[in-house]
Amino acid sequence: MLELQPVFPLSWTLIAQMIELLPDGVMVVEQGMVLRANAAMEALSGYPSEALVGQPLTLLLPPEQRQRHQRHLQQYFVRPRSRAMGRVPELSLWHREGHG
């Protein structure tokens with residue numbers, strides 16, 4: 001079997017550095033848990049990135065959207081499929097101080 005090799009391999013360190021430099025708030029999330037958040041996300045959410053790591057993504061959603069989003073995640077984990085992200089209802093970011 002032919003194994004493809006990347007033209008230039010990206011390490012997690014390089015990817016993390018690239019994410020950190022982005023002007024937009026970005027998080028890396030796996031199974032609904034935050035693995036990494038950049039400085040722009042800190043500014044948007046009010047949470048230091050270290051405080052977000054290991055937390056559920058739903059922490060950053062308004063309380064009225066958390067249950068629905070959690071159900072959607074659970075359904076996705078049971079039956080993963082690709083879908084266009086722009087076709088879902090808009091999500092709002094919930095700030096650490098308790099406002100959207």
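1. Contacts of T58. In this predicted model, T58 touches R66, H69 and Q70, once its neighbours within four places in sequence are set aside. T58 itself sits in the loop between α3 (49-52) and α4 (63-78).

2. Burial of T58. Is T58 buried or exposed? Its relative accessible area is 11%. The cut-off for buried is under 20%, so T58 counts as buried. As for spacing, 10 residues along the chain separate T58 from R68, and their C-alpha atoms lie 9.8 Å apart.

3. The nonpolar core. Which residues form the largest nonpolar core? There are 6: V34, A37, M41, Y47, L52 and L60. In soluble globular proteins, nonpolar side chains tend to be buried together.

4. A37 in detail. A37 belongs to that core. Leaving out neighbours within four places in sequence, A37 is in contact with E20, V26, M27, S49 and L52. One of these partners, L52, is also a core member.

5. The second largest pocket. This pocket holds about 200 Å³ of space. Its lining consists of G25, V26, M27, V29, M41, L44, L57, L60, L61, L91, S92 and L93. By class, the lining has 10 nonpolar residues, 2 polar and no charged. β1 (27-30) and α2 (39-45) each contribute at least two lining residues.

6. Links between the sites. M41 and L60 appear in the pocket lining, and both are listed in the largest nonpolar core. V26 and M27 also line the pocket, and both are contacts of A37.

Methods: Residues are numbered from 1 along each chain as its sequence is written. This is a predicted model: local features need pLDDT of at least 70, side-chain atom pairs count only at pLDDT 80 or more; totals for chains, interfaces and linings use all residues. Side-chain values use heavy atoms; hydrogens and water are left out. On a 1 Å grid over the protein atoms alone, a cavity is a set of points where a 1.4 Å probe fits but cannot get out, and a pocket is an open set with protein on both sides within 12 Å along at least five of seven lines; lining residues have an atom within 4 Å of a point. Grid points are joined across faces, edges and corners, and a volume is the space filled by probe spheres set on the points. Helices (H or I, at least four residues) and strands (E, at least two) are DSSP runs, numbered from the N terminus. Ala, Val, Leu, Ile, Met, Phe, Trp, Tyr, Cys and Pro count as nonpolar, Asp, Glu, Lys and Arg as charged, and the others, Gly among them, as polar. A nonpolar core is a set of buried Ala, Val, Leu, Ile, Met, Phe, Trp, Tyr and Cys residues joined through side-chain atoms within 4.5 Å. Buried means under 20% relative accessible area, exposed over 50%, partly exposed in between (1.4 Å probe, protein chains only). Contact means heavy atoms within 4.5 Å.
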